[in-house]
2 protein chains.
Amino acid sequence: MTFRDDGAAALEWAARYLETVGDYPVLAQVEPGEIRSRLPASAPEMGEPFADVLRDVDEILLPGITHWQSPRFFAYFATSASEPGILAELLAATLNSVAFLWRTSPASTELEAVTLDWTAQLLGLPSGWHGHIEDTASTSTLAALAAAREVTGRNVVVCSEHAHSSVDKAARLLGLELRKVPADPEFRLRADELDLTDAAAVVATVGTTSTASVDPVPAIADACAAAGAWRHVDAAYAGSAWVCPELRWSQAGVERADSLVVNAHKWLFTPMDCSLLWSSRPDDLRRAFSLVPEYLQTSDDVDSLSEYGPALGRRFRSLKLWAVLRCYGRAGLQARIREAVRLAELFEGWVRDDPDWEVCAPRHFSLVCFRRNGPDAANEAIVERVNRSGELFLSHTRLDGRYVLRLALGNERTTEDDVRRAWAALKEV
Amino acid sequence: MTFRDDGAAALEWAARYLETVGDYPVLAQVEPGEIRSRLPASAPEMGEPFADVLRDVDEILLPGITHWQSPRFFAYFATSASEPGILAELLAATLNSVAFLWRTSPASTELEAVTLDWTAQLLGLPSGWHGHIEDTASTSTLAALAAAREVTGRNVVVCSEHAHSSVDKAARLLGLELRKVPADPEFRLRADELDLTDAAAVVATVGTTSTASVDPVPAIADACAAAGAWRHVDAAYAGSAWVCPELRWSQAGVERADSLVVNAHKWLFTPMDCSLLWSSRPDDLRRAFSLVPEYLQTSDDVDSLSEYGPALGRRFRSLKLWAVLRCYGRAGLQARIREAVRLAELFEGWVRDDPDWEVCAPRHFSLVCFRRNGPDAANEAIVERVNRSGELFLSHTRLDGRYVLRLALGNERTTEDDVRRAWAALKEV
């Protein structure tokens with residue numbers, strides 16, 4: 001078989017998968033160890049045809065796949081790997097560029113700068129910020145906090161109790177003390193509780209993981225300015241919403257950030273992984289990371305993006321973001337974001353109108369937090385049962401000590417009918 | 001256009017690229033800013049066809065691509081994204097699994113364990129080690145050193161002066177002091193110079209970046225055992241060679257490592273990014289990273305691989321490694337590794353036999369370090385000229401103060417004729 005034949009089979013597999021992904025149980029219905037037990041204990045001695053690999057993807061792996069591409073994946077933050085993004089990954093893997101220096105892939109380095117500028121414009125960010133791509137928000141936040149530590153020489157990071165666990169992880173790696181500030185009744189950092197003594201940085205969240213709440217970034221920025229602390233904004237999920245002007249209320253104060261993370265692989269229709277990190281102080285970011293050993297020295301008078309983050313090797317990640325921005329355009333992105341928000345509003349309305357159920361947090365963007373009246377155990381059982389049914393997949397959080405369900409919209413394939421099916425399934429169990 | 005049509009065009013582009021990659025200038029022949037200047041300043045308002053993206057890949061980006069897939073890419077460490085690996089990336093992007101918990105992609109989590117076990121067997125590593133995939137060796141080494149810091153409570157990392165800059169970067173991120181030990185005349189860490197006072201870890205390198213030299217791992221392991229320091233082995237490039245029993249002389253002592261990194265994207269025919277990290281002390285690795293907030297708690301009694309490293313989000317990277325191991329088999333991997341070593345030996349012989357040239361370091365694996373008799377400036381000019389010619393791409397290092405050329409074999413498409421062309425071009429300039 002040739003690459004063309006194998007490739008045609010792989011492509012047909014992908015096309016069929018995307019057409020039928022809504023038919024699979026959303027959450028994989030397997031027990032731990034089940035997939036592993038079906039795989040041989042060792043690699044083969046002689047090579048096998050790619051067709052055998054493709055067959056085993058279907059027969060062995062597929063039952064162990066939780067379908068992130070399903071229109072009824074409502075857990076965590078719903079995502080989509082769009083078709084242009086998927087095909088761009090094929091191209092990136094074919095080129096296999098590794099852009100640790102400008103010269104090792106000028107097109108990758110420069111397209112990364114261009115797509116980050118394009119995205120900054122789409123989101124209405126200040127012009128002139130330096131942008132690059134990291135794998136995940138964990139790494140982006142790690143990079144930002146490393147810069148903050150370098151610049152301030154201080155050892156404390158401050159964030160809300162609702163900040164993402166990646167802040168905890170980054171602080172632990174960097175050896176920083178993490179100080180968590182209580183949230184107000186709407187799950188926003190209480191700026192009046194900020195204690196910035198010795199603070200290297202504050203992480204403000206726009207769109208927290210539990211409820212998509214929005215921290216008071218302007219007040220936080222004021223406090224940071226007074227204390228000389230770095231302002232990092234984690235808008236990993238909600239930042240993509242800024243492509244719609246009507247959702248930019250949540251951007252207030254972000255223009256004063258020292259660094260900002262938005263994950264294109266969350267709500268910008270780009271396949272994993274594509275975490276966008278901008279900084280208004282790129283020289284400080286670079287100072288925290290730049291290391292140029294002899295074997296990487298060149299006569300090129302140009303920055304390398306590996307000098308702005310922890311990893312040296314860099315995939316050609318901007319290609320997929322570029323493909324999405326080109327093929328969807330501003331209008332296409334806005335339409336998809338707005339549809340997700342509309343579906344969330346719709347679902348929120350159904351919950352509100354049903355006396356057996358309760359909305360548990362202000363609904364922002366495309367996330368609804370809710371629960372059925374009654375004990376936590378009953379709500380846990382609902383989640384467990386609907387997830388086990390395969391009809392939909394949703395996740396939970398805990399708010400004010402109570403177990404709360406989360407329904408996250410964001411998959412571009414999700415229709416109103418899918419949301420109706422989810423609501424029906426939740427009420428039925 | 002549909003996904004099938006766009007996909008067929010993308011696939012045809014990829015097939016043609018792989019067939020003709022040897023015809024392009026290996027190093028991109030553009031000036032800084034040139035690619036950027038050909039791209040629009042903003043994203044389009046309305047979506048465009050994918051065909052336009054594909055056209056612009058050819059017309060705008062391709063001149064700015066340094067062709068890592070070219071058979072005459074001899075810089076850094078030569079790599080290949082093999083055809084099965086490329087197609088597996090298409091599948092992974094289509095599935096878009098994010099395996100931060102077992103349940104969010106059981107198949108990804110379990111296939112990762114299986115492929116790491118398969119690879120450990122292929123390389124002859126001790127059984128029972130825990131393996132997982134990080135993006136790059138920078139991250140793998142960061143993870144290992146974080147565990148070392150956690151376990152020992154100490155603040156010093158020790159490595160040879162020839163260790164990779166990722167050790168410097170990891171130490172800086174973790175706030176560890178880095179102590180560099182001098183190398184012997186063959187560029188190996190001098191174990192008699194080891195001072196392990198307060199040492200959290202020693203990083204031993206098997207296959208250094210400059211010369212592919214092999215540190216004395218058994219002596220280092222002894223010293224670490226006596227001092228209670230963590231033993232991390234960086235075999236990012238050379239570890240893949242262990243698939244061939246005749247190259248396992250370089251594995252002595254590695255069986256006593258606490259952690260080991262081998263980059264499958266370097267010499268195991270897997271597209272970027274796929275850095276394999278094994279540990280014989282996984283509980284310690286986990287202790288350094290595990291953080292399970294409420295919104296990630298499940299009833300599944302099973303580890304999540306995100307608890308073993310810095311990032312939470314995890315792509316389905318094992319799929320491409322699995323495809324390569326299946327389609328090449330042990331025999332296919334051995335044949336490719338052996339051919340690269342044979343070509344390196346051949347080139348080394350030509351250099352040795354030519355009185356105008358000199359081999360500058362013992363040749364290990366598939367890397368030859370050499371220079372033309374005469375001043376550094378003349379050698380720099382040779383590198384600059386052959387790279388500018390587009391005929392081949394090679395990089396340099398500095399050994400004992402002298403500027404030295406490096407010819408790295410490893411691309412599976414490289415033939416003896418390609419190496420002859422490289423030698424002819426080097427002699428000609």
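**Close-ups of a kinked helix, two cores and an interface**

**View 1. Helix α11(A) has a kink of about 90 degrees, centred on G329(A).** The bend here is the angle between axes fitted to the seven residues ending at a position and the seven starting there. The helix covers residues 318-353 of chain A, 36 residues in total, yet its end C-alpha atoms sit only 44 Å apart, short of the 52 Å for a straight helix at 1.5 Å a residue. That expected span is 1.5 Å times one less than the number of residues, and helices are DSSP runs (H or I, at least four residues) numbered from the N terminus. This is a predicted model, with local features needing pLDDT of at least 70 and side-chain atom pairs counted only at pLDDT 80 or more. Residues are numbered from 1 along each chain, chains are lettered from A, and side-chain values use heavy atoms.

**View 2. L319(A) and L319(B) have the most contacts inside the largest nonpolar core, which holds 252 residues.** Such a core is a set of buried (under 20% relative accessible area, 1.4 Å probe, protein chains only) Ala, Val, Leu, Ile, Met, Phe, Trp, Tyr and Cys residues joined through side-chain atoms within 4.5 Å. Apart from it lies another core of 58 residues, including L176(A) and Y308(B).

**View 3. Chain A and chain B bury about 12100 Å² between them, 63% of it on carbon and sulfur atoms.** Buried area is the accessible area (1.4 Å probe) lost on putting two parts together, summed over both. In chain B, F3(B), Y295(B) and R326(B) lose the most area to chain A, together 7% of what that side buries.

**View 4. D273(B) pairs with R315(A) in a salt bridge, their closest N and O atoms 3.9 Å apart.** The rule (Lys or Arg side-chain nitrogen within 4 Å of an Asp or Glu carboxyl oxygen) finds 21 salt bridges across this interface.

Key:
Helices (H or I, at least four residues) and strands (E, at least two) are DSSP runs, numbered from the N terminus. Buried means under 20% relative accessible area, exposed over 50%, partly exposed in between (1.4 Å probe, protein chains only).
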